[in-house]
Amino acid sequence: MKKVLKNTALLVLSIVLFQQCAQQRTANKSEQLSQEDTKTTSTNAELDPESGLHLDESMFLVKGQCTACHSAKLITMNRFTRDGWVDKIRWMQKTQNLWDLGEAEPQILDYLEKYYSPEPQASRRKNLENIEWYELKN
C-alpha cells in the first residue's frame, strides 16, 4: 500500500512539474513572438506595443481617457469620421457614464480622425463615353 501511495505521489509530482515547465516554455515563446511582432509593427506602423494604438503626442491622452473603460481594441477595430466619433462619444456619455472630456475632446477627436477614420475605397472607373453600340442579332 505504501509503495502504491509513493508511486502515485511521484506520478502526481512529475505531472505538476511537467505542466509548469510546459507553461514556462509557452510563456517564453509567447514573449519572444510578442517582442518580434513589436519590432516589426513599430518600425512599419509605429504602434504602441501595449495598446496597439498609433504612437503620437495625443496617444497617451486617448489611451488614458478611453482605456479607463474599455480595451484599446475597441478603438483600433472601428473606423468613423470625425462626426461618427463625436456621436460615439456622446452615446458613451449618455449611456455609459463617460465624463465630459472638456478641452481634451478636440485633441482626442483629431487623433481618432487622423488614425481611425474610414479608409478610402477604390472608386468605380469613369463611365465610358462616345461608344457606338450595336444591336445583337439572334
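Colleague: Is Lys63 buried or exposed in this one?
Modeller: Keep in mind that this is a predicted model. The cut-off for buried is under 20% relative accessible area. Lys63 has a relative accessible area of 15%, so that side chain counts as buried.

Colleague: Which residue forms a salt bridge with Lys63, with the closest N and O atoms 2.9 Å apart?
Modeller: The partner sits in the loop between α1 (2–44) and α2 (59–66), while Lys63 is in helix α2, so the pair ties together parts that are 15 residues apart in sequence. That partner counts as buried too, at 9% relative accessibility. The residue with its closest atom 2.9 Å from Lys63, N to O, is Asp48.

Colleague: And which residue is linked with Asp48 and Lys63 in a network of salt bridges?
Modeller: We already have Asp48 paired with Lys63. The network that links these two also takes in Glu50.

Colleague: Moving on to α4 and α5, how many residues apart are Glu113 and Arg82?
Modeller: Their side chains meet in a salt bridge at 3.0 Å, N to O. Glu113 belongs to helix α5 (residues 104–115) and Arg82 to helix α4 (residues 82–95), so this pair links distant parts of the chain. Along the sequence, they are 31 residues apart.

Colleague: What is the relative accessible area of Glu105, which forms a salt bridge with Arg90?
Modeller: The closest N and O atoms of Glu105 and Arg90 are 2.7 Å apart. Glu105 lies in helix α5 and Arg90 in helix α4. Arg90 counts as partly exposed at 33%, whereas Glu105 is buried, with a relative accessible area of 10%.

Note on methods
Residues numbered from 1 in each chain as written. Predicted model: local features only at pLDDT ≥ 70, side-chain atom pairs only at ≥ 80, totals over all residues. Heavy atoms only, no water. Salt bridge = Lys/Arg side-chain N within 4 Å of Asp/Glu carboxyl O. Helix = DSSP H or I, 4+ residues; strand = E, 2+ residues; numbered from the N terminus. Buried < 20%, exposed > 50% of the residue type's maximum accessible area, 1.4 Å probe, protein only.
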